[in-house]
Every structure is written in C-alpha cells, then in structure tokens.
Amino acid sequence: MTTIRTTCSRCGDVELSTKDIHLELTGNGDEGTYRFSCPACQTIQHRPATHRVVSILLATGVAYDVIIDAVPITEAEIGRFVAMLDQDDWFGRLVASGG
Ligand SMILES: [Zn+2]
C-alpha cells in the first residue's frame with residue numbers, strides 16, 4: 001500500500017494510504033483540491049492540489065471526481081474541436097500535449 005505524507009492543520013505531518021484521500025479535479029483537470037480525514041484528530045482536512053500533487057495522487061490510485069465548471073461550451077469551442085479532429089495528426093498532438 002502506498003503511503004502518502006501530508007499535513008494536518010492541527011497535528012502536523014500525518015501519513016495516509018490512498019484510500020484515505022479523495023481528490024476533486026477542477027477546471028481543465030490538472031489542479032483541484034483533495035480531502036482526507038486526519039488519522040490522529042479525525043477532522044476533515046482540505047488541501048489545494050497543484051498540478052504536481054494531482055499527478056502524484058493519480059499515479060498512486062486515489063479516488064477522484066471531476067468538478068465541471070458551470071460554463072457552457074461555446075459554438076466557437078466546438079468549431080475548434082471539430083477542426084482539430086479533421087486534422088490527421090490530432091492523436092499525435094494530443095499525446096504530445098500530455099493529455
Ligand atoms: Zn489531525
């Protein structure tokens with residue numbers, strides 16, 4: 001079991017396992033917040049998750065939700081998406097972008 005070290009606002013450094021952490025991704029999915037119940041004082045802690053933290057947590061297999069911003073997709077965005085699909089190298093560019 002992977003051990004994840006983080007900090008509790010009351011207790012300082014604590015160690016958790018992947019099942020103790022729940023990640024919420026926002027925006028384009030590379031940042032967000034994570035929450036956990038401190039194993040020492042039992043309080044629910046919320047921490048910001050930077051791109052780096054998100055990468056680490058996902059790699060260790062924590063559960064996550066994607067929080068969709070309530071911003072509707074515009075016709076211009078759909079148009080750009082369709083135009084990208086029409087290009088032969090869209091998959092290569094997707095891989096190159098890390099997505
Ligand atoms: Zn604590």
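This passage describes the zinc site and the salt bridges of a predicted model. Residues are numbered from 1 along each chain as its sequence is written, and side-chain values use heavy atoms, without hydrogens or water. Local features need pLDDT of at least 70 and side-chain atom pairs count only at pLDDT 80 or more, while totals for chains, interfaces and linings use all residues.

The zinc ion is held by four cysteine sulfurs. Its donors are the SG atoms of Cys8, Cys11, Cys38 and Cys41, at 2.2 to 2.3 Å. Donors are N, O and S atoms within 2.8 Å of the metal (3.2 Å for Na, K and Ca); water is not among the atoms, so sites may look incomplete. The angles among the 4 donor atoms run from 107 to 114 degrees, and the site is tetrahedral (four donors, all angles between 85 and 135 degrees). The donor residues follow the spacing C-x2-C-x26-C-x2-C. Cys8 belongs to strand β1, whereas Cys41 sits in the loop between β4 and β5 (44–49), so the pair ties together parts that are 33 residues apart in sequence. Strands (E, at least two residues) are DSSP runs, numbered from the N terminus. Cys8 is buried, at 4% relative accessibility. Cys41 is partly exposed, at 23%. Buried means under 20% relative accessible area, exposed over 50%, and partly exposed in between (1.4 Å probe, protein chains only).

Side chains of opposite charge can pair when their charged atoms come close. The structure holds 3 salt bridges. A salt bridge requires a side-chain nitrogen of Lys or Arg within 4 Å of a carboxyl oxygen of Asp or Glu.

One of them joins Arg5 and Glu15, with the closest N and O atoms 3.0 Å apart. This pair links distant parts of the chain: Arg5 lies in strand β1 (residues 3–8) and Glu15 in strand β2 (residues 12–17), 10 residues apart. Arg5 is exposed, with a relative accessible area of 66%. Glu15 is partly exposed, at 45%.

Glu24 pairs with Arg35, the closest N and O atoms being 3.1 Å apart. Glu24 is in strand β3 (residues 21–26) and Arg35 in strand β4 (residues 31–37), so this salt bridge ties together parts that are 11 residues apart in sequence. Glu24 is partly exposed, with a relative accessible area of 25%. Arg35 is also partly exposed, at 31%.

Lys19 and Asp20 form a salt bridge as well, at 3.7 Å from N to O. Lys19 is exposed, with 64% relative accessibility. Asp20 is partly exposed, at 32%.

Definitions and conventions:
Helix = DSSP H or I, 4+ residues; strand = E, 2+ residues; numbered from the N terminus. Tetrahedral: all angles 85-135°; square planar, octahedral: opposite > 155°, others 65-115°.
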